[in-house]
Structure formats: C-alpha cells, structure tokens
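I opened this entry to go through the ligand site, a run of paired strands and a few backbone angles. My notes follow in the order in which I looked things up.

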Amino acid sequence: MADKKAQLVIEGAAPVELPILTGTVGPDVIDVRGLGASGHFTFDPGFMATASCESKITYIDGDKGVLLHRGYPIEQLAEQSDYLETCYLLLNGELPNAEQKAQFVSTVKNHTMVHEQLKSFFNGFRRDAHPMAVMCGVVGALSAFYHDSLDINNPQHREISAVRLVAKMPTLAAMVYKYSMGQPMMYPRNDLSYAENFLHMMFNTPCEIKPISPVLAKAMDRIFILHADHEQNASTSTVRLAGSSGANPFACIAAGIAALWGPAHGGANEAVLTMLDEIGDVSNIDKFIAKAKDKNDPFKLMGFGHRVYKNRDPRATVMKQTCDEVLRELGIKDDPQLELAMRLEEIALTDPYFIERSLYPNVDFYSGIILKAIGIPTSMFTVIFALARTVGWISHWKEMLSGPYKIGRPRQLYTGEPQRDITALKDRK
Ligand code: CMC
C-alpha cells in the first residue's frame, strides 16, 4: 500500500519521511503516524484534511457526486435493493443471496420488540420533550437490558447487538412518537416489511388498524436506504471514538444520536422545515437569501451545502424523485410550503454566491418535504435519520472492533497560559 513517500522539511530539523498510502479508489493519504517522533503534531480542526481511519464500507467522491456502499452506487441500491438488504450489505460486505436474505430478515424480525420494562423509561420524560432527547435516553438505556450481548471482544455478541439495534430502532422511534401524542404504543408486526411495520407502529392505533400504502412504505424504505451510511461523518466518527474506549454498542449509538441531532448534521431536515415556516412566503425569499450571504449573519440556508459534496448530493437526486412520487400518490399539488421550497431551490441554484461555493441542495432538503407529506411531524425527522443511520454506525463500530484499533485520542495546539504559580487569594486583584 505504501509505494510512494512524502518528505516533510521542518526548519532546523532533519527531514521526516512519511509513507503515502493508497486506497482502492480516491486520493492517496500521507501517513503521519511517525511524525510524533519529530516532536510535532498535525493541526487540522474540523478534520478538513484528515482521514481518521481505514474503512471498506462506504466511498464518497464529493467532486463527482458519487456515493458507493461496499462498491455499489447508492442510485442502484435505492432502485434495486431494499433497506434490510442494504443493512446486510453494510454489515457483512456483500449483498445476500435469497437464502441469506430470508434468514437475515427473519433474525431482525425476531428482535423487533423491546423489553416491557423499557416502556417505563418514557414516563420520566415530559410529553413535549424533543423526540431526539428521548431517543438519546432510551437507546442508551438498552445497555441496561441486554447484558447478554455486551462483550465487545466477542464477535457473536457484536453481531447480536447489531441486529438488536437495527430491529429495535423503529420500535423505539414509534414509541417516542406515540408517547408525545399520548397514544398507546403499538407492538411491532412481524408479518409486515421493515418500512410498513414502522408506519404501522407510527400511525395505527389499537382501535383502528389501517392498511399501509405501498407507495408510502416504498418511499419510507428509500429514505432509510438513502440515510443508511455516509462514511466518516460527525456522528459516525463519534460512534467510532466512543467505541474506541471500549464502551458498549448501545452507549456508542446513543452518542451517535446526540452528534446527529445538531442542525449542521442530521438536525438539518427539521431545520429546513422550520426555515420554510420562517420564510413564510415566496415574496420573502430574497430577504433570506441576502441573510444567508451576509457574513455578519449566522443564518445559513438549511438543506444546502455539504462538507464533502462539492457537486450534487447523489442522495438528493434520488430523494427528489421519491418526493415527486409521494406527492403524486398523495395528490399534493398546491402546497404553499412545497412551492416555497421549489422556488428557493431554483433561486439558490442560479445565485452566483451558491454556485461559486458549490452549495447544492443536500439530502435533507427533500427528505423533510417527503416526511411532512407522509404525515410525520417535523420534530420526528431527525429520529428517522437516526433510525436509518444506526446500521451505518454499527457497521463502522463492528469494522473497527474486528481489527487492530487504538483509543481515539487527538492532541491539540495549546494557546493558553504557560505554567505559572498560584497567588494567594488575599493578594489577587
Ligand atoms: N447557506 C449559506 N452559506 C453557506 C451554506 C449555507 N447552507 N453552507 C456553506 N455556506 C458558505 C459558508 O459561509 C462558506 O462561505 P465563505 O467561503 O464565504 O466563508 C462556504 O459556503 C463554505 O462553507 P463551510 O461552512 O466552510 O463548509 P463546511 O464544510 O464547514 O460546512 C455544512 C458544511 C453542511 C455544515 C454547511 O454547508 C451547512 O451548515 N449547511 C446547512 C446545514 C445542512 O443542510 N446540513 C446537512 C448536511 S447533509 C446531511 C448530513 O450529512 O448530515
């Protein structure tokens, strides 16, 4: 892997030779692990130029707008696969054959229920608590229920924890919603598909069981696929970092959920709808575009821009198609908020500020519109992202633990006070 070398010349010191590592595709990386011996560290806040690990799961080419899971383009997975098949792929490295798929689906279905005792956790939260706050709590609490699979050094334990998380996330997400509504929580139904079951637990009640629309179930499944993994983003890196200390998988995923919550990351889907509400009318768009461009204003156009994609977000392209399908199925034509979103997109895509900075609509711009059309409340949007991303998080966690790894422990550039002595309290000014 290390054919080429880089030489770092540090003034007043001997040059340092650093190996250059080559991946299957993508840019080469300079291996700086040996740099510490020279008494220097690298400085890269925000990890703008740092690969934090080696991985075989997901590849992104941000300039070309390419996203591959285990080598397969996201567009093909969205069209020709389903969410549980994509989960199998992320977790195991290959798409399943028919028998492996049937086995995997059946195993996941065996684990959809949560321990009855877990229900009592919900009562500790206010009914108006943000669903992500409840999710951080209840997912972390799973560690207190599944002691039998917490040995992180045992591959079978890691496997069963991964399945438990994928299986139980829809149940927990729907429970969070039902709790906020004051409605009875619905048990999972294992005769339904993963997406149908989620919609069943969200929208049915014990007194009224309505059939689930296949178009909406397909849209939901596609949203899950499009959010399943995305390389070393903030929440995945958080899961890896938490896992590197030996923390149990449920605690690590709870940490991932917390990192996802922020509006710069998974919280953007909720923030898009909040922003559209704030803009209110097409006539106000120019004012908000001007705010987004103003360096002295912290406002950003939510759902636009991406750290890695400097071209179209391939997930956004598929999401836009799904958005059209869902709106057609639901007969939504003249929704003012939708009209506002489409006009905003049009204006932003032709504005030199956005063009120069390659700020395209990202996955969160369209997912919010679809979720809203399906009837999912805005505060649940990021929960759905977390539900779908759990498989990505746990795949990365498993990958890290199955090979040699070290605790993640970055260093810093210290700019505080140098060493000094304490002045007695009476003498301090
Ligand atoms: N609206 C207005 N200006 C923007 C925006 C935006 N949404 N995004 C970036 N910029 C500007 C930014 O001000 C900067 O301008 P300049 O070069 O003049 O200083 C330039 O574009 C580069 O932006 P950056 O903030 O340095 O880029 P970043 O890689 O650090 O941030 C981002 C990426 C996604 C956090 C940011 O684009 C953003 O906050 N977007 C809105 C939130 C959002 O939609 N997030 C969801 C991301 S996709 C889902 C996920 O993966 O979680």
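**Ligand site**

I began with the ligand and listed its neighbours: 20 residues lie around it, and His265, Leu301, Gly303, Arg307 and Asn362 come nearest. I kept in mind throughout that this is a predicted model.

I then sorted the shell by class. It has nine nonpolar, six polar and five charged residues.

Next I asked which side chains place an N or O atom by an oxygen atom of the ligand, and at what distance. For Arg307 I read 2.7 Å between such a side-chain atom and a ligand oxygen. Arg307 is also among the residues that come nearest to the ligand. For Arg357 the corresponding distance is 3.0 Å. For Lys300 I noted 3.1 Å, again from an N or O atom of the side chain to an oxygen atom of the ligand. I looked up the cover straight after: on its own the ligand has 940 Å² of accessible area, and the protein covers 77% of that.

**Strands 4, 5 and 6**

I moved on to the strands. How many bridges join strand 4 to strand 5? I found four, and the two strands run antiparallel. Strand 4 covers 58-61, and strand 5 covers residues 66-69.

I wrote down two pairs across these strands. Thr58 has His69 of strand 5 as its bridge partner, and Tyr59 stands opposite Leu68 in strand 5. In a regular strand the side chains alternate between the two faces of the sheet.

The hairpin of strand 4 and strand 5 has four residues between the strands, and there I noted Gly65 with a positive phi near 70°.

I followed strand 5 to its other partner. Two bridges join strand 5 to strand 6, residues 72-73, and this pair also runs antiparallel. His69 turned up again here, opposite Tyr72 in strand 6. His69 therefore has a partner on either side, since Thr58 is its bridge partner as well. Strands 5 and 6 form a hairpin with two residues between them, and Arg70 in the turn has a positive phi of about 50°.

**Other positive phi angles**

I checked two further residues that are not glycine. Phe47 has a positive phi of about 50°. I placed Phe47 in the loop between strand 3 (29-30) and strand 4 (58-61). Is Phe47 buried or exposed? I entered Phe47 as exposed, because its relative accessibility is 54% and the cut-off for exposed is over 50%.

Ser358 also has a positive phi of about 50° without being a glycine. Ser358 sits in the loop between helix 15 (352-356) and helix 16 (363-374).

**Ile355**

Last, I looked at Ile355, which lies in helix 15. Ile355 counts as exposed because its relative accessible area is 51%. Leaving out residues up to four places away in sequence, I found that Ile355 touches Leu349 and Thr350. I also took a C-alpha to C-alpha distance from Ile355 to Lys310: the two are 10.0 Å apart in space and 45 residues apart in sequence.

Note on methods:
Residues numbered from 1 in each chain as written. Predicted model: local features only at pLDDT ≥ 70, side-chain atom pairs only at ≥ 80, totals over all residues. Heavy atoms only, no water. Buried < 20%, exposed > 50% of the residue type's maximum accessible area, 1.4 Å probe, protein only. Near = heavy atom within 4 Å. Polar contact = N/O pair within 3.5 Å; in protein donor to acceptor, adjacent residues only side chain to side chain. Areas by Shrake-Rupley, 256 points an atom, 1.4 Å probe, with all protein chains shown as cover. Nonpolar A, V, L, I, M, F, W, Y, C, P; charged D, E, K, R; others polar. Contact = heavy atoms within 4.5 Å.
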